[in-house]
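Me: Please take a close look at one part of this model for me: the helix packing, along with any backbone oddities around it. Keep it relaxed, but spell out the cut-offs.

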Amino acid sequence: MSIVATPYSRLRSTPRVNLADAIPLQMPLGLNIETTNRCNFKCVMCPVSFPEWADEVGGITNMPLALHEKILADLQELGNGQKLKCLKLYGEGEPFLDPLLVEKICLSRRIAERIEVTSNGSALTAAKAKALLGSGLDYLRISVYSVRSELHHQLTGSRLLPDRIRENVSTFRRLRDEAGLSKPFLYVKMIDRCSDENREFLDLYGAIADEVMIEQPMNWNGFGGRDLIAAMYGDVPLAQIHPLGQGQRREVCAFPFYSMVIKANGDVVACCVDWNKKTKLGNVASESLADIWNGTVMREFRLMHLERRRHENDGCRNCTHLHSLPDNLDMVKSERLSR
C-alpha cells in the first residue's frame with residue numbers, strides 16, 4: 001500500500017526544528033541541486049530573461065552525473081549517518097531538460113528524507129512521467145504562468161500553448177493513478193494574477209492535481225534595482241499585489257544557517273534567489289561540502305547577517321526574500337557561531 005504524502009502546503013506547519021536553538025547545524029537541513037540551468041522559457045519575472053544571464057551564471061550547462069555523485073558522497077560524509085530533510089533538484093533551469101534527471105533522483109534517495117522537483121511542465125512527456133513513478137520522487141511541483149494563450153506567451157516568451165502543459169500534467173496524474181501510486185504528490189501552482197484568471201486556473205487544474213494553489217509573487221534578490229514583480233503585472237495597481245513575505249520583517253536571513261544551493265557548474269551559494277552568485281561560498285567540484293559548510297567564507301557570511309551587515313553583500317542588500325522565511329534568528333547573537 002502506498003504512503004499518502006503530506007499536502008505540500010502543510011509541510012511548513014509540520015513539526016520542525018527550532019532553528020534559533022539548534023544552530024550551528026552539523027549539516028544543512030535542505031539543499032538545492034540545480035541539475036541544469038537550461039530553460040525553454042524566458043519568463044519576464046525570472047532572471048533567465050536577462051540579456052546577460054548566460055554570462056552572469058558562467059555559461060549554460062547540465063550538471064555532470066559524476067559531480068552529482070560527488071555531492072551525494074560529500075553529503076554522506078558531512079551527515080555521518082544523518083539525512084537531508086529536503087533535497088530540491090532544481091534551480092533556475094527546467095529540470096526535465098536534463099536527460100539524467102531521473103537517474104539523479106534515484107541516486108539521491110539514500111541521502112534525503114524528501115525529494116522535490118519543480119517544473120514548468122512543458123517537457124513532462126509520457127515517457128518521463130512513467131520514469132518518475134519508480135524514481136523515489138516525493139513531490140512534483142508544476143509552475144503554471146498563465147492559462148490564457150496570449151498572456152502565457154507574453155509572460156514566458158514561449159509559443160507552447162497552455163493546453164499542452166495541462167495535457168502533460170493530466171497524463172502524469174493518469175499514469176500515476178493507474179499504477180496505484182500516491183507519489184510523487186502533484187502540486188500545481190500559479191502566481192497570483194490579481195484577476196479572474198485565478199478562478200480559471202483553479203477550475204482547470206482542481207480535478208487533476210493533488211493540490212492546486214495560488215501563490216504570492218517574489219522579487220528575487222532585487223539586484224540592480226530590477227523590479228521583476230512590476231515586469232509581471234504591468235498596470236495592475238500596487239495595492240492589489242501582495243508579494244511573498246509582505247507584512248513580516250526579518251533582520252537576519254535564515255537561509256545560510258540551514259541550507260545551501262549548488263549551481264549546475266558546482267558553484268555553491270547561500271541562497272535560492274541568488275541567481276548571479278553574489279553569495280558564492282566555493283565550488284563543490286574542487287572542495288568538499290564539509291569544508292564549504294564549515295569554512296571561513298560561510299562563517300563570515302553568517303556573521304555578516306547576525307551583525308546586521310547584509311548591506312555589504314550585493315546579492316543581499318535589497319533582497320526581500322528573507323522576510324518570507326518562517327524561522328526568526330533576529331535574537332541570535334554572533335557569539336553562537338563560536339560553538
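Reply: What follows starts with one helix and its partner, moves to a second pair, and ends with the loops.

First, the ground rules. This is a predicted model, in which local features need pLDDT of at least 70, side-chain atom pairs count only at pLDDT 80 or more, and totals for chains, interfaces and linings use all residues. Residues are numbered from 1 along each chain as its sequence is written, and side-chain values use heavy atoms, with hydrogens and water left out.

Let's begin with α7, residues 162-178. Element names follow DSSP runs numbered from the N terminus, with helices being H or I runs of at least four residues and strands E runs of at least two. The expected span of a helix is 1.5 Å times one less than its number of residues. For the 17 residues of α7 that gives 24 Å, and the end C-alpha atoms are indeed 24 Å apart.

Which residues of α7 are buried? They are P162, I165, N168, V169, T171, F172, L175 and R176, where buried means under 20% relative accessible area, exposed over 50% and partly exposed in between, with a 1.4 Å probe and protein chains only. Their cover includes helices α5, α6 (149-156) and α8 (197-205), plus strands β4 (139-144) and β5. Just past the end of α7, G180 takes a positive phi of about 75°.

Now pick out α5 from that cover. Two packed helices are described by the angle between their axes and the distance between the axes. Here α5 (residues 126-133) packs on α7 at about 40°, with the axes 9 Å apart. The axes are lines fitted to C-alpha atoms, for helices over the stretch in contact, and angles run from 0 to 180 degrees between N-to-C directions. That makes α5 and α7 oblique to each other; under 35 degrees would count as roughly parallel, over 145 as roughly antiparallel and 65 to 115 as roughly perpendicular, with the rest oblique. The crossing of α5 over α7 is right-handed, meaning the near helix is turned clockwise from the far one by less than a right angle, whereas anticlockwise would be left-handed.

On the α5 side, A126, A129, K130, L132 and L133 make the contact, and they meet T171, F172, L175 and R176 of α7; contact means heavy atoms within 4.5 Å. By type, these residues split into six nonpolar, one polar and two charged. Nonpolar covers Ala, Val, Leu, Ile, Met, Phe, Trp, Tyr, Cys and Pro, charged covers Asp, Glu, Lys and Arg, and polar covers the others, Gly among them.

The α3 and α4 pair makes a good companion. Helix α3 (residues 65-79) packs on α4 (residues 101-108) at about 15°, with axes 11 Å apart. These two are therefore roughly parallel, and α3 passes α4 in a right-handed crossing. From α3, L65, H68, E69 and L72 meet E103, K104, L107 and S108 of α4. That contact divides into three nonpolar, two polar and three charged residues.

As for α3 itself, its 15 residues reach 21 Å from first C-alpha to last, close to the expected 21 Å. Buried in α3 are L65, L67, H68, I71, L72, D74, L75, L78 and G79, which pack against α4, β1 (30-33), β7 (259-262) and α11 (289-293). After α3 comes N80, with a positive phi near 50°.

On to the loops. Most residues other than glycine have a negative phi, and most peptide bonds are trans. The bond joining I23 and P24 is cis, with omega about 0°, and P24 lies in the loop between α1 (19-22) and β1. Another cis bond runs from K183 to P184, omega near 0°; P184 sits in the loop from α7 to β5 (185-191).

W220 has a positive phi near 50° in the loop between β6 (211-215) and α9 (228-233), and it is buried at 12% relative accessible area. K277 also has a positive phi, about 60°; its loop is between β8 (267-269) and β9 (280-283), and K277 is buried at 13%.

Finally, R193 is in the loop between β5 and α8 and counts as buried at 9% relative accessibility. Setting aside neighbours within four places in sequence, R193 contacts Y145, L151, L155, N198, M232 and Y233.
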